[in-house]
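Reader: I have a structure to look at and would like to go through it step by step. Could you help me read it?

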Amino acid sequence: MSEEEFDVMDELYFVQSFEYLKETLDLGTKEILTALDSLYKQGFIKCLTAPDEECFYIVNVLEEGEKLFFLATKKGLMAHNTI
C-alpha cells in the first residue's frame, strides 16, 4: 500500500465523499483518484452513489470518482491495520 493509499484509507473508516477527501487530504485530485482506483481494484474500498447506496456494478473510479462516496471494506481495514 502506497503512502497516498494509506492516507486515503485513514479517512474511509466511515462513508466519505470525494469532496471530503479533497478538502481533508494534502493531495491533488489526480493523486486521490489514482489512490482510490488502486484501492478499489484491490477490494479495499467500495463505492457508493449516495451515503447509503452501494454501487453494484464495476466502477471506473478515474472517471466517476469525483461524484461518488467511499468506504473501506473489511479486507481494506485489515490491510490498513497491519501496516
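Reader: Let us begin with one residue. In which helix does His80 lie?
Author: His80 lies in helix H5, which covers residues 74-81. Please keep in mind that this is a predicted model.

Reader: Is His80 buried or exposed?
Author: His80 is buried, because its relative accessibility is 5% and the cut-off for buried is under 20%.

Reader: Which residues does His80 touch?
Author: Leaving aside residues up to four places away in sequence, His80 touches Met1, Phe6, Met9, Asp10 and Tyr13.

Reader: What joins the side chains of His80 and Tyr13?
Author: The two side chains are joined by a polar contact of 2.9 Å. In addition, a polar atom of the His80 side chain lies 3.4 Å from the backbone oxygen of Phe6.

Reader: Now the whole chain, please. How many helices and strands does the protein chain have?
Author: There are five helices and four strands in the protein chain. Starting at the N terminus, the order of elements is α-β-α-α-β-β-α-β-α.

Reader: What is the radius of gyration of the protein chain?
Author: The protein chain has a radius of gyration of 11 Å, which agrees with the value near 12 Å for a compact globule of 83 residues. Its C-alpha trace spans about 30 × 25 × 20 Å along the principal axes.

Reader: And how many positive and negative side chains are there?
Author: The protein chain has 7 positive and 17 negative side chains, and the centres of these two sets are 7 Å apart.

How values were computed
Residues are numbered from 1 along each chain as its sequence is written. This is a predicted model: local features need pLDDT of at least 70, side-chain atom pairs count only at pLDDT 80 or more; totals for chains, interfaces and linings use all residues. Side-chain values use heavy atoms; hydrogens and water are left out. Helices (H or I, at least four residues) and strands (E, at least two) are DSSP runs, numbered from the N terminus. Buried means under 20% relative accessible area, exposed over 50%, partly exposed in between (1.4 Å probe, protein chains only). A polar contact is a pair of N or O atoms within 3.5 Å; within protein, one must be able to donate a hydrogen and the other to accept it, and residues adjacent in sequence count only if both atoms are side-chain atoms. Contact means heavy atoms within 4.5 Å. The radius of gyration is taken over C-alpha atoms; the globule rule is 2.2 Å times the number of residues to the power 0.38. Lys and Arg count as positive and Asp and Glu as negative; His and the chain ends are not counted. The place of a charge is taken as NZ of Lys, CZ of Arg, CG of Asp or CD of Glu.
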